[in-house]
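Let's take a walk through this protein together, starting with the whole chain and then looking at its inside and its surface. Please keep the 3D view open as you read.

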Amino acid sequence: MSFTNLSSPYQQIKRSTSQIMFIVILCLVPAIMLQSYFFGIGNLLQIILSVFTALVAEAAVLKLRNRPIINTLKDGSAILTAVLIAVSIPSLAPWWLVIIGALFAIIFVKQLFGGLGQNIFNPAMAAYVLLLISFPVPMTTWNPTNSLLPFPVDFIDQIKLVFTGVTTAGHTLDQLAINLDGLTLATPLNTVQNGLHAGYTLTEIAKSSRGINNSEFPISVINIAYLFGGCILLFKRLIHWHIPVAFLTSITLFSFISFVYDPEHISSPFFQLFTGATMIGAFFILSDPVTASTTPKGRFLYAILIAFFVVLIRNAGGYPDALAFAVLIGNMCVPLIDYYTKPPVYGSL
């Protein structure tokens, strides 16, 4: 019997960065297709604009930095960032909105920090926060589901809405929601929060707003698709289980405590889990290996912290879906979390 002496490292990397990125993108496809089915193909147009802008912006910055362009673009990180930005904004938002988001994410959040692996903030979430604060009206003007539109909007009309703001017949995005109470929002979260701020209870909001009842089902189905894609990532061991499990468990626990405390003004845990960006956040955003905590204990604390701020801001803040803000807060805390949760050096006392 003969033995072969091998030198370290003994753990072999089976997948390249580009392979991992494109598998993650493929896991997003089911939810993207469902979003197109329920809300129109505008999101696909937004994805095309975002990906093109991100690739051009990254190539330009790499050229200025005298860095290899083709190999960097092939890693897929810019494409994944662009896709996450595109699916986060309204499907029929103006064309310039997603372009500004992609430019900011790639140039200011990623490349100015040194590129992939050096950025401290999640580029997609930083871009989303910039857009939401700077352009609140287009970022919160969502079209109803296709089945509830007051008049038909075909493929050409959706393209014209994105690039010109009006359909062939001259209808604007705002007119798509005439006489459709509550149907112009991304998720029922916004409808609920606006009603609560106006002094209504959840029971009164549910009775008066058809938007919650009619849009909750497609939004829930899309979230289930993100959950399905996230489970594939876990099965393939492309992300650590600590973050999504801790995040979803914490969201459920915090929202349950809040709901029990005030059921007429705080939404149920199921509503919190399946009507916002909770699922895409748990599996595709919080688990970003560059901006998330790198220690096992730290991943739990990181996810719990973000879950706490999501529930807090949703129920007491001014934004209906606080995931992006909570993620950026978590990103800022990662160095401190890693410092206090790092495992002891082997052999140290």
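The paragraphs below go from the overall fold to the core and then to a patch on the surface.

Please bear in mind that this is a predicted model. The protein chain has 16 helices and 0 strands. Of its 349 residues, 51% are buried. If you take the contacts with a separation of 6 or more, 76% of them are between residues 24 or more positions apart. On the outside, the protein chain exposes about 17400 Å², and 68% of that is supplied by carbon and sulfur atoms.

Now let's turn inward. The largest nonpolar core holds 88 residues, and the members that touch the most others are L28, Y226, F247, I280 and F284. This core lies between domain 1 (15-185) and domain 2 (200-344), because both domains give residues to it. Y226 is a good residue to click on. Apart from its neighbours within four places in sequence, Y226 is in contact with L28, A31, Q35 and V87, and also with M279, I280, F283 and F284.

Finally, let's go to the surface. Which residues form a nonpolar patch there? They are W95, W96, I100 and F163, which together have about 340 Å² of accessible area. Helix α5, spanning residues 95-110, gives the largest share of the patch, with 3 residues. I100 lies in this helix, α5. With a relative accessible area of 30%, I100 counts as partly exposed, since that class runs between the buried limit of under 20% and the exposed limit of over 50%.

Conventions: Residues numbered from 1 in each chain as written. Predicted model: local features only at pLDDT ≥ 70, side-chain atom pairs only at ≥ 80, totals over all residues. Heavy atoms only, no water. Core = buried A, V, L, I, M, F, W, Y, C linked by side-chain atoms within 4.5 Å. Buried < 20%, exposed > 50% of the residue type's maximum accessible area, 1.4 Å probe, protein only. Domains from an automatic or database assignment. Contact = heavy atoms within 4.5 Å. Patch = residues over 30% accessible without salt bridge, like charges linked within 9 Å, V, L, I, M, F, W, Y side chains within 5 Å. Areas by Shrake-Rupley, 256 points an atom, 1.4 Å probe, with all protein chains shown as cover. Salt bridge = Lys/Arg side-chain N within 4 Å of Asp/Glu carboxyl O. Helix = DSSP H or I, 4+ residues; strand = E, 2+ residues; numbered from the N terminus.
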